[in-house]
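Here is a walk through one model, going from charged pairs to the sheet and the core. Have the coordinates open while you read.

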Amino acid sequence: MSLVTTHILDTAAGRPAAGVGVRLETGAGEPVAEGRTDADGRIRDLGPETLEPGVYRLTFDTGAYLGPDSFFPEVTLTFRVADGTEHHHVPLLLSPFAYSTYRGS
């Protein structure tokens, strides 16, 4: 399993958000990995099996999913990796005018 995984739930539609592009980068903006959510709104294989401790960010291309006039054309979530061998699941709950996140398992 990848060290970093994510999923997106479209809370307005009540279903997973499929086909959303996601980038994983270091805090300095160096690319680490990228992927696209599957039919279940998940990316199970994003990122390497280990990461150096530090700050990372996931950037979600929400504009492509919500449409060209979306209020949030992109959502970036910044998080810290303290243990480079521990799994980090970072989900996104999305609607047209709000989003939230949490550390998942």
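R44 sits partly exposed, with a relative accessible area of 49%; on this scale buried means under 20% relative accessible area, exposed over 50%, and partly exposed in between, using a 1.4 Å probe and protein chains only. Before going on, some ground rules: this is a predicted model, where local features need pLDDT of at least 70, side-chain atom pairs count only at pLDDT 80 or more, and totals for chains, interfaces and linings use all residues. Residues are numbered from 1 along each chain as its sequence is written, and side-chain values use heavy atoms, with hydrogens and water left out.

**Charged pairs**

What does R44 pair up with? R44 makes a salt bridge with D38, the term standing for a side-chain nitrogen of Lys or Arg within 4 Å of a carboxyl oxygen of Asp or Glu. D38 is partly exposed as well, at 28% relative accessibility. R44 also reaches D40 through a salt bridge, and D40 is partly exposed at 37%. Add R42 and you have a network of salt bridges that links D38, D40, R42 and R44.

Another pair is R103 with E86. This one ties together distant parts of the chain, 17 residues apart: R103 is in the segment after strand 10 (98-101), while E86 is in the loop between strand 7 (75-81) and strand 8 (88-89). Strands here are DSSP runs of E with at least two residues, helices are runs of H or I with at least four, and both are numbered from the N terminus. E86 is partly exposed, with 35% relative accessibility. A search of the whole structure turns up six salt bridges, including these:

| Salt bridge | Closest N to O distance |
|---|---|
| R44 and D38 | 2.6 Å |
| D40 and R44 | 3.5 Å |
| R103 and E86 | 2.8 Å |

**The four-stranded sheet**

Now for the strands. An open sheet of four strands runs in the order 4-3-6-7 with antiparallel pairing; two strands pair if DSSP finds at least two bridges between them. Strand 4 and strand 7 are the edges, each pairing on one side only. Neighbouring strands are turned by 20° against each other on average, direction ignored; the axes are lines fitted to C-alpha atoms, and angles can run from 0 to 180 degrees between N-to-C directions.

Strand 3 pairs with strand 4 over five bridges in the antiparallel sense, with R23 standing opposite E34 in strand 4. Four residues lie between the two strands of this hairpin, and G29 takes a positive phi near 90° there. Strand 3 also pairs with strand 6, again antiparallel and over five bridges. In that pairing, L24 has L58 in strand 6 as its bridge partner.

Is strand 4 well covered or hardly covered? Hardly: zero of its six residues are buried. V32 belongs to this strand (residues 31-36) and is partly exposed at 30% relative accessibility. Outside its neighbours within four places in sequence, V32 is in contact (heavy atoms within 4.5 Å) with L24, E25, T26, P48, L51 and Y56. The C-alpha atoms of V32 and Y56 are 9.2 Å apart, with their positions 24 residues apart along the chain.

**The nonpolar core**

The largest nonpolar core has 21 residues, and I8, L24, L58, F60, F79 and L92 touch the most other members. Such a core is a set of buried Ala, Val, Leu, Ile, Met, Phe, Trp, Tyr and Cys residues joined through side-chain atoms within 4.5 Å. Two or more residues each come from strand 1 (4-10), strand 3 (21-26), strand 5 (42-46), strand 6 (54-60), strand 7 and strand 9 (92-95). Strand 7 gives the largest share, four residues. Leaving out neighbours within four places in sequence, L58 contacts a list of residues that includes V4, L24, L46, L77, F79 and V90.

**What the record adds**

An unreviewed UniProt entry lists residues 4-104 as "domain: Transthyretin/hydroxyisourate hydrolase"; UniProt positions use the numbering here, feature names are shortened, and annotations may be inferred rather than shown by experiment. Over residues 4-104 the chain is 5% helix and 50% strand, and the end C-alpha atoms are 11 Å apart.

Which residues does UniProt list under "binding site"? The unreviewed entry gives H7, R42 and Y102. H7 lies in strand 1 and is buried, at 7% relative accessibility. Beyond its neighbours within four places in sequence, H7 has contacts including R42 and Y102, along with G41 and H89.
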